[in-house]
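I opened this model to see what lies next to the DNA and how the strands are arranged. My notes follow in the order I looked things up.

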Protein chains: 2
Amino acid sequence: MRLLVVEDEKKLAMSLKRGLEADGFAVDVALDGTDGLWMATEHPYDAIVLDIMLPGLNGYRVCSQLREQNIWTPVLMLTAKDGDLDEAEALDTGADDFLRKPFAHVVLVARLRALLRRGQPERPVDLVAGDLRLDPSQRQCWRGSTEIELTAREFSVLEFLTTNAGDVVSKRDILDHVWNYDFDGDPNIVEVYVRHLRRKIDEPFQVASIRTVRGAGYRLIATSP
Amino acid sequence: MRLLVVEDEKKLAMSLKRGLEADGFAVDVALDGTDGLWMATEHPYDAIVLDIMLPGLNGYRVCSQLREQNIWTPVLMLTAKDGDLDEAEALDTGADDFLRKPFAHVVLVARLRALLRRGQPERPVDLVAGDLRLDPSQRQCWRGSTEIELTAREFSVLEFLTTNAGDVVSKRDILDHVWNYDFDGDPNIVEVYVRHLRRKIDEPFQVASIRTVRGAGYRLIATSP
DNA sequence: AGCACACATTCAGGTTCCGTTCAGCTCGCT
DNA sequence: AGCGAGCTGAACGGAACCTGAATGTGTGCT
């Protein structure tokens, strides 16, 4: 699990880094708000530990700017000893939790783990045609409830057919979209992949969802059990 | 929003009740742990405010017994002034957050709202995939009932795979989350660690929970004996 | 300090599997 | 029947991945 620690007190920052690394986290450090914001934008952290008092851009602003950019990495804010209102405000600017200084290391770790546990994936929608389902982000494919293993090329071809489900797509179209534009090999390769796909997604289920349209190309139709 | 306050100091309990009701919550009060546990079991609260120091059954036990009964109502624990360890333990027994006494009313409300916003059942502390179980706080790992010794790196890689169980994660993802971002060594190191993990968590049990997805990465799937 | 040990990382050779090509076949149309 | 479009299995070359061992690097122990 990879963390970003944004803290300007160098000594504290390094001690946090060492401590958290001992607990098995991978830790990057930013020493001011501007850096912190940039790093949080560029890299996919699992959580961010964010001091409020920072030179340049303070913690509130870092947090709210992240949220504006639609980055929802969990944020744990470090607040001053006696700032009750700070804490309420921290949560309002989009922090997920806060910790009052000074804090014990065990507490920091426990809170971070709680944050990470809450996690949350929300996924882009699957492509569907009948009982055939594709998840492009995971390169996974199902017919009904049984998963089907596809190679990268196979998946790409099927993905293209599925996004154009119901329509006829020519071999040229498929070549242009799945292979590089400069591909000038044998168009027969499309036929080969259609064969592979039929063997994997149709024959075992005794359906024929990839239809040949002679002289024009292929058409994927919705089929159900 | 309906809350349960479990607090034995009658004066504090009533003041909490009045304050929270003024903020628009519906509030029930239990004056000891046994009552609290019973009420939390019988009624569907949206959140529970739970004191640690209680006659009869203390707060930790109330909380862990709730979790054992598979009740994942968000719990906010009230801890003593100086109990750092209390707090870590609170989170470990399944609390979602805690607040150190004495606290300002605005903070209590802000934290409760944050909890309610997160809503939704919390997952148990351990990461689980089939009969493989990880405890990130202890860095321990079991397959069924036999414990498996892992090094720090091995654990981190497996932890990341497990939090994304079922999904394909690329070698780049793994490098980004487990190593520091300035790591620019050979990605082959991921393969090496996958090899180590397979030898420890799969081969002795004759399962294959870490699948290779050629060209895409790795995928951890749930396997059982 | 010096040593032993465990862990992290690199390296090089081996293996598997995927993408592509090719040659022969089948099918539908005129 | 004859033609062209599409089908199919096999074969090959190379990339991706696997794997055992060698080489760094730090940490605790005596």
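**Entry 1: DNA strand D.** I began with the residue classes on the surface near DNA strand D: 4 are nonpolar, 6 polar and 7 charged. I kept in mind that this is a predicted model. Which residues come nearest to DNA strand D? I found Glu191(A), Arg195(A), Thr212(A), Glu191(B) and Thr212(B), out of 17 residues around the strand. Next I checked the elements. Helix 8 of chain A and helix 8 of chain B, 188–202 in each case, both supply at least two residues of this surface. Helix 8 of chain A gives the largest share, 6 residues.

**Entry 2: DNA strand C.** I then turned to the other DNA strand. DNA strand C is surrounded by 20 residues, and the closest are Thr151(A), Gly185(A), Thr151(B), Arg153(B) and Gly185(B). Helix 6 and helix 8 of chain A, along with helix 6 and helix 8 of chain B, each give two or more residues to this surface. I sorted the surface near DNA strand C by class and got 7 nonpolar, 6 polar and 7 charged residues.

**Entry 3: the sheet with strand 10 of chain B.** I looked up an open sheet of 3 strands in chain B, and its order is 10-12-11 with antiparallel pairing. Which strands sit at the edges? They are strand 10 and strand 11 (210–213) of chain B, each pairing on one side only. Strand 10 of chain B meets strand 12 (217–220) of chain B over 2 antiparallel bridges. I picked out one pair here: Val168(B) has Arg219(B) in strand 12 of chain B as its bridge partner. Helix 6 of chain B lies across strands 10, 11 and 12 of chain B, at about 70 degrees to strand 12.

**Entry 4: helix 7 of chain B.** I wanted to know what is buried in this helix, residues 171–178. The list reads Ile174(B), Leu175(B), Asp176(B), His177(B) and Val178(B). I then asked what covers the buried residues of helix 7 of chain B. The cover includes strand 1 and strand 2 of chain A, and also helix 6, strand 10 and helix 8 of chain B.

**Entry 5: strand 1 of chain B.** This strand spans residues 2–6, and 4 of its 5 residues are buried. Strand 1 of chain B pairs with strand 2 (26–30) of chain B in the parallel sense, over 5 bridges. Leu4(B) faces Asp28(B) in strand 2 of chain B. From strand 1 the chain goes through helix 1 (10–22) to strand 2 of chain B, and I noted this β-α-β crossover as right-handed. Strand 1 of chain B also runs parallel to strand 3 (47–51) of chain B, joined by 4 bridges. There, Leu3(B) has Ala47(B) as its bridge partner.

**Entry 6: strand 7 of chain B.** I followed the side chains along residues 132–135. Leu132(B) and Leu134(B) point to one face and are buried, while Arg133(B) and Asp135(B) point to the other and are not. Strand 6 (127–129) of chain B pairs antiparallel with strand 7 of chain B over 3 bridges. Val128(B) stands opposite Arg133(B). The hairpin of strands 6 and 7 of chain B has 2 residues between the strands, and Gly130(B) takes a positive phi near 65 degrees. Strand 8 (140–143) of chain B is another antiparallel partner of strand 7 of chain B, over 4 bridges. Leu132(B) stands opposite Arg143(B). In the hairpin of strands 7 and 8 of chain B, with 4 residues between the strands, Arg139(B) takes a positive phi near 55 degrees.

Definitions and conventions: Residues numbered from 1 in each chain as written. Chains lettered and ligands numbered in written order. Predicted model: local features only at pLDDT ≥ 70, side-chain atom pairs only at ≥ 80, totals over all residues. Buried ≥ 20, exposed ≤ 12 C-beta atoms within 10 Å, placed from the backbone. Pairing = 2+ DSSP bridges. Right-handed = clockwise from strand over helix to strand, strands pointing away. Near = placed C-beta within 6 Å. Nonpolar A, V, L, I, M, F, W, Y, C, P; charged D, E, K, R; others polar. Contact = placed C-beta atoms within 7 Å. Axes fitted to C-alpha atoms, helices over the stretch in contact; angles between N-to-C directions.
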